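Here is a note for a colleague who is opening this entry for the first time. Please keep the viewer at hand while going through the points.

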Amino acid sequence: MLADRINLCKIINFPVVADYRGNLTFIEENRHVPFEIKRVYYLYDVPTGAVRGGHAHINLEQVIIALSGSFEVVIDDGYKRKSVFLNRPHYGLYIPPGIWRELVNFSSNSVALVLASMPYDEKDYIRDYEKFRKMVREGFWDESDKRVAEKISRL
Ligand code: TYD
């Protein structure tokens with residue numbers, strides 16, 4: 001198993017085209033994010049104190065962007081946990097398969113945009129933290145982690 005799987009989560013800095021009319025950011029699949037984008041969803045009107053996420057994925061890769069406002073993404077690789085604060089729309093947090101995540105501390109009017117590598121499939125979710133930890137300990141994501149490490153080195 002990789003030591004620090006959590007380092008497979010990466011902040012991506014997307015292009016910004018800035019001129020006197022304002023800023024423009026664009027994202028192309030397999031270029032600015034390391035997968036084909038199969039689904040986009042967004043969280044908005046999140047009440048103060050609400051916690052979103054609270055799961056890991058078997059195969060899904062995602063990039064989470066604070067399109068507006070701010071929030072924190074707590075990521076957990078089964079051993080280590082850290083919090084990533086997102087507050088600018090040109091940054092995205094890449095999360096590979098096999099990472100537990102929770103989205104917390106949403107500011108008012110925040111919008112969390114999520115780019116996902118697969119259509120919605122409840123079977124891809126692990127919603128039980130102890131089950132997730134057991135799968136990490138058993139090396140469930142070892143092969144996936146190697147592929148992810150290789151492709152994010154090219155980002
Ligand atoms: P949920 O997974 O609880 O959201 P999050 O974990 O990101 O806070 O999803 C809430 C509901 O929405 C759940 O019934 C599944 C449904 N859903 C879809 O139908 N399609 C989707 O793409 C997503 C992300 C959720």
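Which residue of strand 11 is the bridge partner of Ile-65? Leu-113 is that partner. The points below start with the model as a whole and then return to this pair.

1. **Status of the model.** Everything here rests on a predicted model. Please read each value as computed from that prediction.

2. **Elements.** The protein chain has 12 strands and two helices. From the N terminus, the run is β-β-β-β-β-β-β-β-β-β-β-β-α-α. The strands therefore come before the helices in the order of elements. The radius of gyration is 15 Å, close to the 15 Å given by the globule rule for 155 residues, so the protein chain is as compact as a globular protein of that length.

3. **Extent and cover.** The C-alpha trace spans about 55 × 35 × 25 Å along its principal axes. Of the 155 residues in the protein chain, 43% are buried. The exposed area is about 8600 Å². Carbon and sulfur atoms supply 50% of that area.

4. **Contacts and charges.** Take the contacts between residues at least 6 apart in sequence: 77% of them join residues at least 24 apart. The protein chain carries 22 positive and 21 negative charges. The mean positions of the two sets are 1 Å apart.

5. **Strand 11 and its partners.** Strand 11 covers residues 111–116. Five of its six residues are buried, so "mostly covered" is a fair label, with buried meaning under 20% relative accessible area. Strand 11 pairs with strand 6, residues 62–68, in the antiparallel sense over six bridges. The pair from the opening question, Ile-65 and Leu-113, belongs here. Strand 11 is also joined to strand 4 by five bridges, and these two strands run antiparallel. There, Val-40 has Leu-115 as its bridge partner. When viewing these strands, recall that side chains in a regular strand alternate between the two faces of the sheet.

6. **The five-strand sheet.** Which strands form the open sheet, and in what order? The order is 8-7-10-5-12, with antiparallel pairing. Strand 8 (81–86) and strand 12 (125–126) are the edge strands, each pairing on one side only. Inside this sheet, strand 7 (residues 71–76) and strand 10 pair over five bridges. Val-73 has Leu-103 of strand 10 as its bridge partner.

7. **The hairpin.** Strand 2 (residues 16–19) and strand 3 pair in the antiparallel sense over four bridges. A hairpin of two residues joins strand 2 to strand 3. Ala-18 has Asn-23 of strand 3 as its bridge partner.

8. **Two asparagines to inspect.** Asn-30 has a phi near 60°, a positive value in a residue other than glycine. Asn-30 sits in the loop between strand 3 (22–25) and strand 4 (39–43). Asn-109 also is not a glycine, and its phi is positive at about 65°. Asn-109 lies in the loop between strand 10 (100–104) and strand 11 (111–116). Is Asn-109 buried or exposed? Asn-109 is exposed: its relative accessible area is 68%, and the cut-off for that word is over 50%.

Key: Residues are numbered from 1 along each chain as its sequence is written. This is a predicted model: local features need pLDDT of at least 70, side-chain atom pairs count only at pLDDT 80 or more; totals for chains, interfaces and linings use all residues. Side-chain values use heavy atoms; hydrogens and water are left out. The radius of gyration is taken over C-alpha atoms; the globule rule is 2.2 Å times the number of residues to the power 0.38. Buried means under 20% relative accessible area, exposed over 50%, partly exposed in between (1.4 Å probe, protein chains only). Contact means heavy atoms within 4.5 Å. Accessible areas come from the Shrake-Rupley method with a 1.4 Å probe; for residues, only the protein chains shown count as cover. Lys and Arg count as positive and Asp and Glu as negative; His and the chain ends are not counted. The place of a charge is taken as NZ of Lys, CZ of Arg, CG of Asp or CD of Glu. Two strands pair if DSSP finds at least two bridges between them.
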